[in-house]
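Work through the exercises below with the sequence and the coordinates at hand. Each task is followed by a solution in steps.

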Amino acid sequence: MQELQKSLKPYHEGFLSFSRLPEEGCGREEILREMEKLKSVEEARWKEGRVSGAVYHGDSGHVDFLNQVYALNSQSNPLHADVWPSTTKFEAEIVAMTAHMLGADADPGHGVCGTVTSGGTESILVAMKTYRDWARETKGITAPEMVAPATAHAAFDKAAQYFGIKIIRIPVGPDFRADVVAARKAITANTIVLIGSAPPFPHGLVDPIEELSELAREHGLGFHTDGCLGGFLLPWAEKLGYPVPRFDFRLPGVTSISADTHKYGYAAKGTSVVLYRNAELRHFQYYTTTDWPGGLYFSPTLAGSRPGGLSAACWAALVTLGESGYLRAAGAILETAATIKQGLREIPELQLIGDPLFVIAFMSETLDIFQVMEAMTRKGWGLNGLHFPPAVHICVTLRHTQPGLGQRLIADLKEAVAYVKGRPDAPAGVGPVYGMASVVELRGMVSELLRMYMDVLYQV
Ligand SMILES: Cc1ncc(COP(=O)(O)O)c(C=O)c1O
């Protein structure tokens with residue numbers, strides 16, 4: 001436990017630390033010095049492109065520009081649209097630009113609309129709440145169920161728990177993409193929505209959205225494409241000629257899409273977009289109350305007050321990049337991903353999972369893949385561990401497009417593999433925890449461990 005405390009909380013000695021308000025406020029200079037110190041410790045790893053996902057753009061010029069835009073709007077709050085109409089203007093335009101990018105205009109009389117949220121999870125939460133309320137009102141469903149592939153993001157479980165929806169997880173096929181036959185079998189009279197991801201977080205392989213959304217249409221169900229990860233990259237990959245299966249509003253069965261501006265939209269952290277095929281659906285997302293002494297109250301998403309500065313910075317990111325900027329960025333990312341995939345194919349101990357575009361997952365039939373991951377961690381890399389089956393992935397971003405980085409990753413992987421091969425009995429740090437989670441009876445214990453972990457994180 002002490003070890004865990006130390007690794008999670010490295011800032012006790014030599015850093016400012018408070019468990020109550022200082023009697024007298026600290027000087028601004030001192031606080032800024034502290035911030036610079038912390039930044040200098042943490043920045044190098046992500047800036048040099050050692051971390052999977054996490055920072056999707058990160059060039060200093062871009063970050064400075066977004067910070068400038070944020071600073072100009074730091075006091076604004078879209079809850080007070082009368083005081084800051086600029087913020088709702090930014091949000092309406094973010095939604096319109098995202099809808100256009102995701103095929104809304106394929107239907108000239110389209111009613112595609114949406115809202116800006118705080119991130120992928122919130123986009124998914126509000127979309128699932130929308131389907132719950134829509135199905136209750138229009139179909140009288142009071143015990144709602146959603147059907148989601150095993151690989152769909154954990155945010156769908158969270159939505160199920162928060163909103164009292166039963167989640168039916170269906171398996172993926174041998175190609176790691178959602179099994180459409182299983183989806184058909186899982187539909188009941190209580191099903192409200194089917195889900196597919198473009199792509200899912202674990203293996204980056206786009207689900208058969210066309211078949212799944214047609215299945216939903218056949219049954220009069222909602223269909224949500226989780227484009228949180230790929231929504232701002234796949235449209236440009238398609239334009240560049242990469243094989244991208246359709247996943248957006250060009251498919252008539254798709255009734256909503258989540259797409260994260262704070263990932264490949266290159267905005268600052270804290271924004272995402274949720275889109276609906278029509279305004280009727282979006283109305284079920286809104287909250288209104290007329291009997292509160294505080295006055296008439298309404299808000300479109302989970303939060304009340306929201307950071308208008310982040311919406312301004314998001315708008316600025318979209319319009320400063322423009323289509324040409326997104327195309328260039330996608331081209332660089334996909335080329336780097338191709339280099340990494342090729343390198344992986346040349347390491348016999350590792351097996352690439354499918355042929356993904358930019359989230360590259362691999363496993364090993366002969367080695368403990370978590371030991372390989374640990375060896376990479378010791379070399380400074382932050383890769384993501386996956387399970388069911390045990391695997392590791394890297395989500396390629398603009399940070400990884402720096403010259404030679406793809407090759408560096410492969411060279412380090414080769415060394416890590418050789419190291420693990422040479423020490424078959426070396427203990428794996430995270431391996432046993434993943435192993436425990438794969439035993440159904442032990443999952444409660446792992447959940448308890450994760451709760452303890454959060455307790456440590458959020459205590460002084
Ligand atoms: C496919 C997918 N959906 C949803 C999310 C959740 O996004 P967030 O972490 O912004 O809440 C992620 C995050 O990586 C994702 O990859």
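The exercises treat salt bridges, a pocket, a surface patch and backbone geometry in turn.

The model is predicted, so local features need pLDDT of at least 70 and side-chain atom pairs count only at pLDDT 80 or more, while totals for chains, interfaces and linings use all residues. Residues are numbered from 1 along each chain as its sequence is written, and side-chain values use heavy atoms, with hydrogens and water left out.

**Exercise 1. Salt bridge between R306 and E91**

Task: Determine where R306 and E91 lie and whether each is buried or exposed.

Solution.
Step 1. A salt bridge requires a side-chain nitrogen of Lys or Arg within 4 Å of a carboxyl oxygen of Asp or Glu. The side chains of R306 and E91 meet this criterion, with an N to O distance of 2.9 Å.
Step 2. R306 is in the loop between strand 9 (297-299) and helix 11 (308-345), and E91 is in helix 4 (residues 85-101), so the bridge ties together parts that are 215 residues apart in sequence. Helices (H or I, at least four residues) and strands (E, at least two) are DSSP runs, numbered from the N terminus.
Step 3. Buried denotes under 20% relative accessible area, exposed over 50%, and partly exposed the range in between (1.4 Å probe, protein chains only). R306 is buried at 14%, and E91 is likewise buried at 8%.
Step 4. Under the distance rule, the count for the model is 23 salt bridges.

**Exercise 2. Two further salt bridges**

Task: State how the partners D133 and R136 are placed in helix 5, and which helices hold E218 and R184.

Solution.
Step 1. The closest N and O atoms of D133 and R136 are 3.0 Å apart in their salt bridge. Both residues belong to helix 5 (residues 120-139), and because they are three residues apart, about one helical turn separates them.
Step 2. D133 is buried, with 13% relative accessibility, whereas R136 is partly exposed at 44%.
Step 3. In the salt bridge of E218 with R184, the closest N and O atoms are 3.1 Å apart. E218 is in helix 8 (residues 209-218) and R184 in helix 7 (residues 180-186), so this pair ties together parts 34 residues apart in sequence.
Step 4. E218 is exposed at 53%, and R184 is partly exposed at 44%.
Step 5. K129, R132, D133 and R136 are joined into one network by salt bridges that share partners.

**Exercise 3. The second largest pocket**

Task: Find which residues lie closest to the centre of the second largest pocket, and which helix gives the largest share of its lining.

Solution.
Step 1. On a 1 Å grid over the protein atoms alone, a pocket is an open set of points where a 1.4 Å probe fits, with protein on both sides within 12 Å along at least five of seven lines; lining residues have an atom within 4 Å of a point. The volume of the second largest pocket is about 720 Å³, taken as the space filled by probe spheres set on the points.
Step 2. The lining has 27 residues, of which K39, E43, W46, V63 and N67 are the closest to the centre.
Step 3. Helix 2 (28-47) and helix 3 (60-72) each supply at least two lining residues, and helix 2 gives the largest share, eight residues.
Step 4. The lining comprises 13 nonpolar, six polar and eight charged residues. Here Ala, Val, Leu, Ile, Met, Phe, Trp, Tyr, Cys and Pro count as nonpolar, Asp, Glu, Lys and Arg as charged, and the others, Gly among them, as polar.

**Exercise 4. A nonpolar surface patch**

Task: Identify which residues accompany V433 in a nonpolar patch.

Solution.
Step 1. A nonpolar patch joins side chains (Val, Leu, Ile, Met, Phe, Trp, Tyr) within 5 Å, from residues with over 30% relative accessible area and no salt bridge.
Step 2. V433, L449 and M452 form such a patch, with about 220 Å² of accessible area together (Shrake-Rupley method, 1.4 Å probe).
Step 3. V433 itself lies in helix 14 (residues 431-437) and is partly exposed at 36%.

**Exercise 5. Backbone geometry**

Task: Locate the cis peptide bond that joins A198 and P199, and state where A54 and F176 are found.

Solution.
Step 1. Most residues other than glycine have a negative phi, and most peptide bonds are trans.
Step 2. The bond between A198 and P199 is cis, with omega about -10 degrees; P199 is in the loop between strand 4 (191-197) and helix 8.
Step 3. The bond from F388 to P389 is also cis, with omega near 0 degrees.
Step 4. A54 has a positive phi near 65 degrees and is in the loop between helix 2 and helix 3. Phi of F176 is also near 65 degrees, and F176 lies in the loop between strand 3 (166-170) and helix 7.
Step 5. A54 is partly exposed at 40%, whereas F176 is buried at 17%.

Methods:
Patch = residues over 30% accessible without salt bridge, like charges linked within 9 Å, V, L, I, M, F, W, Y side chains within 5 Å.
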